[in-house]
Amino acid sequence: MKYLAILFSLMFAMSAPALTETVAEPEEAVTAPELVDTAGVVLEITEDSITIDTATNGQVLVHLTDETVWEGETPVAGAYVHILNNGAMTMSIPPQITALRVGCYAFSGTVTEIADEYFMLTAEGTVYQVNAEADKLASLTLEQAVTVYSNGMMTMSIPAQIYGELIVAAVQ
């Protein structure tokens, strides 16, 4: 009986290195992007969250923290916002993210010129060239009051240029 125990012990000891050699290494680790910009129209704002309607994920619940940074205008229902987050999104309905930064970049003024791919917006004495797709420009008229929501980027040219992500006619 002792010989059998020794024999099994030797067989196990000899096969142990072979077992460790067969363990496969992971091919590539999957990681979330470091920062993601999620943009959409504000549907509802509470003290600790914002619900937005996005083009890619539908409604998204955005959690706000004491560390959330606010840029631009204070968003209201109907405003277009950019939410910077860490890339983690729940698979719940609605999906949820936590905001690192909330940016609402709005320019309100009057349409002073309309071209094929842009229009000129005069806001508080400053003229901006607002670049946009033709379907966003189709309903604009001269001297119309509008609010343009952009991504916060602006050229240093004269006139300064912004991209109109959402163009809303002012309520008369």
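## Valine 62 and strand β3

Valine 62 touches Asp48, Ser49, Ile50, Ile52, Ile83, Ile97 and Ala99, leaving out residues up to four places away in sequence; contact here means heavy atoms within 4.5 Å. The model is predicted: local features need pLDDT of at least 70, side-chain atom pairs count only at pLDDT 80 or more, and totals for chains, interfaces and linings use all residues. Residues are numbered from 1 along each chain as its sequence is written, and side-chain values use heavy atoms, with hydrogens and water left out.

Valine 62 lies in strand β3. Helices (H or I, at least four residues) and strands (E, at least two) are DSSP runs, numbered from the N terminus. Valine 62 counts as buried because its relative accessibility is 0%; buried means under 20% relative accessible area, exposed over 50%, and partly exposed in between (1.4 Å probe, protein chains only). Valine 62 and isoleucine 45 are 17 residues apart along the chain, and their C-alpha atoms are separated by 9.5 Å.

## Strand partners of β3

Strand β3 covers residues 58-63 and runs antiparallel to β2, with six bridges joining them. Two strands pair if DSSP finds at least two bridges between them. The connection from β2 to β3 is a hairpin of three residues. Across this pair, isoleucine 50 stands opposite valine 62 in β3.

Strand β3 is also joined to strand β6 (residues 96-98), by three bridges, and these two run parallel. Here leucine 61 stands opposite glutamine 96 in β6.

## Serine 49

Serine 49 lies in strand β2, which spans residues 49-54. With a relative accessibility of 11%, serine 49 counts as buried. Leaving aside neighbours within four places in sequence, serine 49 is in contact with Glu44, Leu61, Val62 and Leu64.

The side chain of serine 49 also makes a polar contact with the side chain of threonine 46, at 2.8 Å. A polar contact is a pair of N or O atoms within 3.5 Å; within protein, one must be able to donate a hydrogen and the other to accept it, and residues adjacent in sequence count only if both atoms are side-chain atoms.

## Salt bridges

Side chains of opposite charge can pair when their charged atoms come close. The whole structure holds two salt bridges, each defined as a side-chain nitrogen of Lys or Arg within 4 Å of a carboxyl oxygen of Asp or Glu. Glutamate 71 forms a salt bridge with arginine 101, and the closest N and O atoms are 3.7 Å apart. Glutamate 71 lies in strand β4 (residues 69-72) and arginine 101 in strand β7 (residues 101-114), so the pair ties together parts that are 30 residues apart in sequence. Glutamate 71 is partly exposed at 32% relative accessibility, and arginine 101 is partly exposed at 27%.

Lysine 136 and glutamate 133 also meet through their side chains in a salt bridge, at 3.2 Å from N to O. Lysine 136 has a relative accessible area of 25% and is partly exposed; glutamate 133 is partly exposed at 37% relative accessibility.

## Methionine 120 and glutamine 144

Methionine 120 is placed in strand β8 (residues 118-123). Its relative accessible area is 10%, so methionine 120 is buried. Outside its neighbours within four places in sequence, methionine 120 has contacts with Thr110, Val111, Thr112, Glu113, Val127, Tyr128, Gln129 and Pro159. Methionine 120 is 41 residues from glutamine 161 in sequence, and the C-alpha to C-alpha distance is 9.3 Å.

Glutamine 144 sits in the loop between α2 (134-137) and β10 (145-150). Glutamine 144 is buried, with a relative accessible area of 16%. Not counting residues up to four places away in sequence, glutamine 144 touches Gly109, Thr110, Val111, Ser139 and Ala169.

## The chain as a whole

The chain contains two helices and twelve strands. Of its 172 residues, 30% count as buried. Among contacts between residues at least 6 apart in sequence, 54% join residues at least 24 apart.

The average pLDDT of the chain is 88, and 82% of the residues score at least 70; pLDDT is the predictor's confidence in each residue, from 0 to 100. Among the elements, helix α1 (residues 2-21) has the lowest mean pLDDT, 58, and β2 has the highest, 98.
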